[in-house]
Amino acid sequence: VLGLLIGSFLNVVVHRLPAMAMRDWWRHDLADFALLDPRSWRAAFGATAEPPPELAAASRAVTKRLEALTPLSLLAPRSRCPSCGHQLKASENIPLVSWLVLRGKCSACGTRIPARYPLLEAATGVLFAACAWLFGPGSLTVVSCIAVALLLAMALIDLETTLLPDSLTIPLVVLGLAAAAAGWS
């Protein structure tokens, strides 16, 4: 059951983490630095190159659009249909069960909910159960379940975006090093 719940949260991670990273990239790297930084322009286009003035206007427009977006995190806003924006009720957000009851469609607009959602929940549940069965109660099971969750999220994000977020890879490396230091293999 814990695996199903974590799998449901992993769906949020897979859906939102790349969007959060892209917003940050646009906000900090592209809009603020690369478009307007004279040193960057000179390095790329020659010693006398200056950013065109229209890029300053484009940067302001991008920044304005980003600021107008609803803030996005892994915890807020609540889950909603990507097509119509319908905010999911608690009864529509029960791992596996809700997707089956709703027959894989949004209750408001009828748009299909991808099978990836219940498949990730089920896979996480099965893999957590396998870790518990293989390692029994204890720290190794907890560490293995965390590693499984991180790897599942990274695999799906990589599959969809070809990105591997540092916020997932670095904790996995730290977890692996800690497990190796503890003598677990």
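**Exercise 1. State the order of the elements of the protein chain from the N terminus on.**

Solution. The order is α-α-α-α-α-α-α. The count is seven helices and zero strands. Helices (H or I, at least four residues) and strands (E, at least two) are DSSP runs, numbered from the N terminus. The model is predicted: local features need pLDDT of at least 70, side-chain atom pairs count only at pLDDT 80 or more, and totals for chains, interfaces and linings use all residues. Residues are numbered from 1 along each chain as its sequence is written, and side-chain values use heavy atoms, without hydrogens and water.

**Exercise 2. Set the radius of gyration of the protein chain against that of a compact globule of 185 residues.**

Solution. Start with the rule, 2.2 Å times the number of residues to the power 0.38, with the radius taken over C-alpha atoms. For a compact globule of 185 residues this gives a value near 16 Å, but the protein chain has 21 Å. Next, take the spans of the C-alpha trace along its principal axes: about 65 × 50 × 20 Å. Last, 31% of the 185 residues count as buried, meaning under 20% relative accessible area with a 1.4 Å probe, protein chains only.

**Exercise 3. Locate H86 and describe its contacts.**

Solution. First, H86 sits in the loop between α3 (53-68) and α4 (97-101). Second, its side chain makes a polar contact of 3.0 Å with that of E92; such a contact is a pair of N or O atoms within 3.5 Å, one able to donate a hydrogen and the other to accept it within protein. Third, leaving aside neighbours within four places in sequence, H86 has contacts (heavy atoms within 4.5 Å) with residues including S79, R80, C81 and C106.

Terms used
Buried means under 20% relative accessible area, exposed over 50%, partly exposed in between (1.4 Å probe, protein chains only).
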